[in-house]
Amino acid sequence: MHAGPVRAQGGAAVETLTEKDVPASVTQRMRCKSTAGPMSRRPFAGGFVFSQSCTDGGDTLVRVVYATDPNGAGARLLQFHRPEGRRMSALASISFGDDQISGTTGRLTRRICRAEGRWRMEGKQPAPGLVYWRQTRDCEGKTGWQTVIGRRAE
């Protein structure tokens, strides 16, 4: 499983940070065993998101930390809920919309080889709320998709 590019949408300015420019509070929350690329920062959902590809157990995954300002105040690792309630702290690929994060996963169980989700930032302390989820047994993602949650984005 390889991390896809992190894409910005909605005209948000994306900055690539050097290691010395990453706030310590963000580095602490990221929890990467080893990094697989530079850290990026962008304005998002009334704050800022910092994202980075990490190599954890051989897989390259993208982790996202949300902070209330560009200096990492209130930094916290975002958790992405699955339909059954389990949480993921990283995704295989990720993209950002105006107030939504979309991403894919690799194998989750023996029966789910690939899944795609979309989360909208919700609440007083914005956190990802699941609005769309589909999954398939087909590891290539070409057939057998089943939509589990399909709330319409507003």
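**Exercise 1. How many residues of S6 are buried?**

Solution. Keep in mind that we're working on a predicted model here.

- Start with the strand itself: S6 covers residues 59–67.
- Now go through the accessibilities: eight of its nine residues are buried, so S6 is mostly covered, where buried means under 20% relative accessible area.
- For background, the protein chain has 154 residues, of which 43% count as buried.

**Exercise 2. Work out which strands pair with S6, and in what sense.**

Solution. Take the two partners in turn.

- S5, residues 47–56, pairs with S6 in the antiparallel sense over nine bridges.
- The connection between S5 and S6 is a hairpin with two residues between the strands. Check the backbone there: Gly-57 in the turn has a positive phi of about 65°.
- S7, residues 76–77, is the other partner, again antiparallel, with two bridges to S6.
- For a handle on the register, pick Tyr-66 in S6. Val-49 stands opposite Tyr-66, and in S7 the bridge partner of Tyr-66 is Arg-76.

So how do these strands fit into the whole chain? The chain has one helix and 14 strands. As for sequence range, take the contacts with a separation of 6 or more: 42% of them join residues 24 or more positions apart.

**Exercise 3. Find the disulfides and say what each one connects.**

Solution. Your search should turn up two disulfides.

- The pair Cys-32 and Cys-54 has an S to S distance of 1.6 Å.
- Place its ends: Cys-32 is in the loop between helix H1 (24–30) and strand S3 (34–35), while Cys-54 is in S5. That makes a link between distant parts of the chain, 22 residues apart.
- Now the accessibilities. Cys-32 is partly exposed, at 23% relative accessible area, whereas Cys-54 is buried, at 0%.
- The other pair is Cys-113 with Cys-139, whose sulfur atoms are also modelled 1.6 Å apart.
- Handedness comes from the torsion about the S-S bond of Cys-113 and Cys-139: it's about 105°, so this disulfide is right-handed.
- Both ends sit in loops: Cys-113 between S11 (100–105) and S12 (114–122), Cys-139 between S13 (127–136) and S14 (146–150). The two cysteines are 26 residues apart in sequence, so the bond ties those parts together.
- Accessibility once more: Cys-113 counts as buried at 7%, and Cys-139 is partly exposed at 39%.
- Last step, the connectivity. Number the bonded cysteines in sequence order and you get 1-2, 3-4.

**Exercise 4. Which residues have the most contacts inside the largest nonpolar core?**

Solution. Group the buried nonpolar residues and rank them by contacts.

- The largest core has 18 residues.
- Those with the most contacts inside it are Val-64, Leu-78, Phe-80, Ile-94, Phe-96, Ile-101 and Trp-119.
- Next, see where core residues come from: S6, S10 (93–96), S12 and S13 each supply at least two.
- Don't stop there, as another core of 11 residues lies apart from it. Its members include Leu-17, Val-22, Ala-67 and Cys-54, the last of which we met as a disulfide partner of Cys-32.

**Exercise 5. Track down the aromatic pairs and classify the two that involve Trp-119.**

Solution. The whole structure has three aromatic pairs. You'll want two quantities: a pair of aromatic rings is described by the distance of the centres and the angle of the planes.

- Phe-80 with Trp-119: centres 5.0 Å apart, planes at 65°, hence edge-to-face.
- Phe-80 is in S8 (residues 80–81) and Trp-119 in S12, so this pair ties together parts 39 residues apart in sequence.
- Trp-119 with Trp-133: the centres are 6.3 Å apart and the planes at 75°, so this pair is edge-to-face too, angles over 60 degrees getting that label.
- Trp-119 in S12 and Trp-133 in S13 are 14 residues apart.
- Check burial: Phe-80 is buried, Trp-119 is at 0% relative accessible area, and Trp-133 is at 1%, which also counts as buried.
- Put the pieces together: Phe-80, Trp-119 and Trp-133 form one aromatic cluster.

**Exercise 6. Which ring does the charged end of Arg-134 sit over?**

Solution. Look for the ring below the charge: it belongs to Trp-145, and the charged end of Arg-134 is 3.8 Å from its centre.

Key:
Residues are numbered from 1 along each chain as its sequence is written. This is a predicted model: local features need pLDDT of at least 70, side-chain atom pairs count only at pLDDT 80 or more; totals for chains, interfaces and linings use all residues. Side-chain values use heavy atoms; hydrogens and water are left out. A disulfide is a pair of cysteine sulfur atoms within 2.5 Å. Helices (H or I, at least four residues) and strands (E, at least two) are DSSP runs, numbered from the N terminus. Buried means under 20% relative accessible area, exposed over 50%, partly exposed in between (1.4 Å probe, protein chains only). A nonpolar core is a set of buried Ala, Val, Leu, Ile, Met, Phe, Trp, Tyr and Cys residues joined through side-chain atoms within 4.5 Å. Two strands pair if DSSP finds at least two bridges between them. Rings of Phe, Tyr and Trp (its six-membered ring) pair if their centres lie within 6.5 Å; planes under 30 degrees apart count as stacked, over 60 as edge-to-face and the rest as tilted. A charge sits over a ring if NZ of Lys or CZ of Arg is within 6 Å of the ring centre and within 35 degrees of the ring normal. Contact means heavy atoms within 4.5 Å.
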